[in-house]
Amino acid sequence: MLIDSHCHLPDKKYKKAVDEIVHEAQQVGVEKLIAVGTSIENSRNTLATAREFDDVYCTVGVYPHEDLNLSLDKINQKLRDLLNSSRKDIVGIGECGLDIPEGSVPYPTRLLNEQKELFKLQIGLAVERGLPIAIHNRNADEEVLEVLEKYKNTDLKGVAHCFVSDWEYAKKLLHLNIMISFSGIITYPSAGEELIDAVKKIPESSLLVATDAPWLPPQGHRGEVNYPKYVKITAAKIAEIRNSSPERIAELSYKNTRNLFNL
């Protein structure tokens with residue numbers, strides 16, 4: 001049994017209907033999916049998908065580069081409206097965090113501060129509602145940590161999605177009650193020793209597996225559209241790295257994801 005703890009449904013990049021995507025995942029033992037919102041409009045669509053399928057849950061949130069035309073107050077209100085519309089299907093807040101594009105260092109301080117304010121808004125909402133956050137982090141390890149540490153005395157909980165840093169950084173996140181999720185990136189030949197070392201050392205109680213579908217397909221499917229069913233490939237790679245069994249990794253990820261998102 002597996003759960004894809006972070007995918008995007010619906011998405012125009014897919015070449016199949018959502019019902020086919022869900023069915024194919026369940027055929028290979030991926031029983032549940034968490035579809036993650038990236039903007040107000042996308043979150044609405046994601047929620048509609050979760051309402052349509054019993055084994056699909058969703059988060060609502062705004063990615064760092066989305067909804068730039070909306071004020072923080074407007075985003076806050078629209079997210080609250082979504083949360084108030086459904087207690088059953090929405091299981092988290094996100095995808096939210098910080099994103100410094102490749103080749104953009106130094107990144108303009110003003111833009112980074114705007115991202116931080118959006119991130120903090122969503123963390124505060126998650127803590128208020130008792131929901132976990134799905135954290136997006138691109139090239140912003142220290143900046144993400146700086147924001148999260150402001151909430152260390154709260155009931156903050158969440159997951160660092162698509163983790164690509166090292167064990168030392170992972171330990172800092174774990175100390176803040178943030179679980180670690182690995183994607184198909186760990187299957188790539190380019191996955192560095194520091195990332196593989198983190199895969200080995202993450203405690204069993206803090207390990208999640210995800211696809212980020214339709215993005216980041218695992219090795220063997222590079223250049224293709226990614227699908228939630230491929231979370232099984234990443235789980236098998238984690239088992240290989242940890243000298244464990246795919247069944248054991250599936251069991252851990254299933255249990256941890258259900259606990260974090262209160263499924």
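Let's start with the second largest pocket, which has a volume of about 240 Å³. Keep in mind as you look around that this is a predicted model. Which residues lie nearest the centre of this second largest pocket? They are Pro-64, Leu-68, Glu-114, Gln-115 and Leu-118, out of a lining of 14 residues.

Now trace where that lining comes from. Helix H3 (72-85) and helix H4 (109-129) each give at least two residues to the second largest pocket. H4 has the largest share, with five residues. In terms of chemistry, the lining of the second largest pocket splits into eight nonpolar, two polar and four charged residues.

From here, move on to the largest pocket, where the space comes to about 750 Å³. Its lining counts 33 residues, and if you centre your view on the middle of the pocket, the closest ones are Tyr-63, Glu-95, His-136, Arg-138 and His-161.

Which helices and strand each supply at least two residues of this lining? Following the chain, you meet helix H2 (40-52), then strand S5 (133-138), then helix H5 (141-149) and finally helix H6 (167-175). Among the contributors to the largest pocket, S5 holds the largest share of the lining, with four residues.

Sorted by class, the lining of the largest pocket contains 14 nonpolar residues, alongside 10 polar and nine charged ones. To see both sites together, you could colour H4, the source of the largest share for the second largest pocket, and S5, which plays that part for the largest pocket.

Methods. Residues are numbered from 1 along each chain as its sequence is written. This is a predicted model: local features need pLDDT of at least 70, side-chain atom pairs count only at pLDDT 80 or more; totals for chains, interfaces and linings use all residues. Side-chain values use heavy atoms; hydrogens and water are left out. On a 1 Å grid over the protein atoms alone, a cavity is a set of points where a 1.4 Å probe fits but cannot get out, and a pocket is an open set with protein on both sides within 12 Å along at least five of seven lines; lining residues have an atom within 4 Å of a point. Grid points are joined across faces, edges and corners, and a volume is the space filled by probe spheres set on the points. Ala, Val, Leu, Ile, Met, Phe, Trp, Tyr, Cys and Pro count as nonpolar, Asp, Glu, Lys and Arg as charged, and the others, Gly among them, as polar.
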